[in-house]
Amino acid sequence: MALTPLDIHNKEFSRSFRGYDEDQVNEFLDQVIKDYEALIRENKDLQNQLATIQERLDHFSNIEETLSKTIIVAQEAADEVKTNAKKEAQLILKEAEKNADRIINESLVKSRKIALEIEELKKQASIYRTRFRTLIEAQLELLSTEDWSTLEKIEIESN
C-alpha cells in the first residue's frame, strides 16, 4: 500500500525525554509532504503523458496495420489485374491467329477458284479462237470457190 501525503501529515511519533525537536520534525515532515505531493503530481502527469503517447502509438500502429493491409490488397489486386491482362492478351492473340488462319484459308480458296476460272476462261478463249478461225477459214474458202466467179460473171453479163 502506497504512502500518501495525508499519511505523512497524520503520522504521530511517540515522545521521549531526549527525543527530536518537534518543530524541526514537523518542518521536515511538511517539506517531505510538499516534495511527495509534487512527485505524485509529476508521476500522474507522466502517466497521463504516457497514456496519451500510448494512445497515439496505438493509433499509428492501427494506421500502419491498415496501410499494410491496404498495400497487400493493392498488390494482390495489381497481380490479379496483371494476370487477367495476360490471359486476355493470350485470348486476343489466339483469336487473331485464328482469324488470320481463316483469312488465309479463305484467300487460298478464292485464289484457287480464281485460278480455275482463269483456266476455264483460257479454254473458252482457245475454243472461241479456234471456232472463229474455222469460221473465217470457211468464209475464205467460200470466197475462193468458183461459185463467186460465176456470180461475178453473171452480173457482168446482165449489164
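Lys and Arg count as positive here, Asp and Glu as negative. The model is predicted.

Q: How far apart are the mean positions of the positive and negative charges of the protein?
A: The protein carries 23 positive and 33 negative charges. Each set has its own mean position, and the distance separating the two is 7 Å.

Q: Which secondary structure pattern does the protein follow along the sequence?
A: There are three helices and zero strands. Helix α2 covers residues 22-144. Read along the sequence, the pattern is α-α-α.

Q: What is the radius of gyration of the protein, set against that of a compact globule of 159 residues?
A: The C-alpha atoms fill a box of roughly 200 × 30 × 15 Å along the principal axes. A compact globule of 159 residues would have a radius of gyration near 15 Å. The protein has 62 Å.

Q: What percentage of the 159 residues is buried?
A: A residue is buried when its relative accessible area is under 20%. The accessible surface comes to about 15,300 Å², and 58% of that surface belongs to carbon and sulfur atoms. Of the 159 residues, the buried share is 3%.

Q: Is Asp-23 buried or exposed?
A: Asp-23 is found in helix α2. On the surface, Asp-23 gathers with Asp-21, Glu-27 and Asp-30 in a patch of negative charge. The cut-off for exposed is over 50%. Asp-23 has 58% relative accessibility, so the residue counts as exposed.

Q: Which residue forms a salt bridge with Lys-69?
A: The whole structure has four salt bridges. In the one made by Lys-69, the closest N and O atoms are 3.2 Å apart. The two residues are four apart in helix α2, so about one helical turn separates them. The partner is partly exposed, with a relative accessible area of 42%. That partner is Glu-65.

Q: How many residues apart are Arg-102 and Glu-106 in helix α2?
A: Arg-102 and Glu-106 form a salt bridge, with the closest N and O atoms 3.2 Å apart. Arg-102 is partly exposed at 40% relative accessibility, and Glu-106 is partly exposed at 39%. About one helical turn separates the pair, because their spacing in helix α2 is four residues.

Q: What is the N to O distance in the salt bridge of Glu-119 and Lys-122?
A: Both residues lie in helix α2, three residues apart, about one turn of the helix. Glu-119 is partly exposed at 42% relative accessibility. A salt bridge needs nitrogen and oxygen within 4 Å. For Glu-119 and Lys-122, the N to O distance is 3.9 Å.

Terms used. Residues are numbered from 1 along each chain as its sequence is written. This is a predicted model: local features need pLDDT of at least 70, side-chain atom pairs count only at pLDDT 80 or more; totals for chains, interfaces and linings use all residues. Side-chain values use heavy atoms; hydrogens and water are left out. Patches are made of residues with over 30% relative accessible area and no salt bridge: like charges are joined within 9 Å, nonpolar side chains (Val, Leu, Ile, Met, Phe, Trp, Tyr) within 5 Å. Accessible areas come from the Shrake-Rupley method with a 1.4 Å probe; for residues, only the protein chains shown count as cover. A salt bridge is a side-chain nitrogen of Lys or Arg within 4 Å of a carboxyl oxygen of Asp or Glu. The place of a charge is taken as NZ of Lys, CZ of Arg, CG of Asp or CD of Glu. Buried means under 20% relative accessible area, exposed over 50%, partly exposed in between (1.4 Å probe, protein chains only). The radius of gyration is taken over C-alpha atoms; the globule rule is 2.2 Å times the number of residues to the power 0.38.
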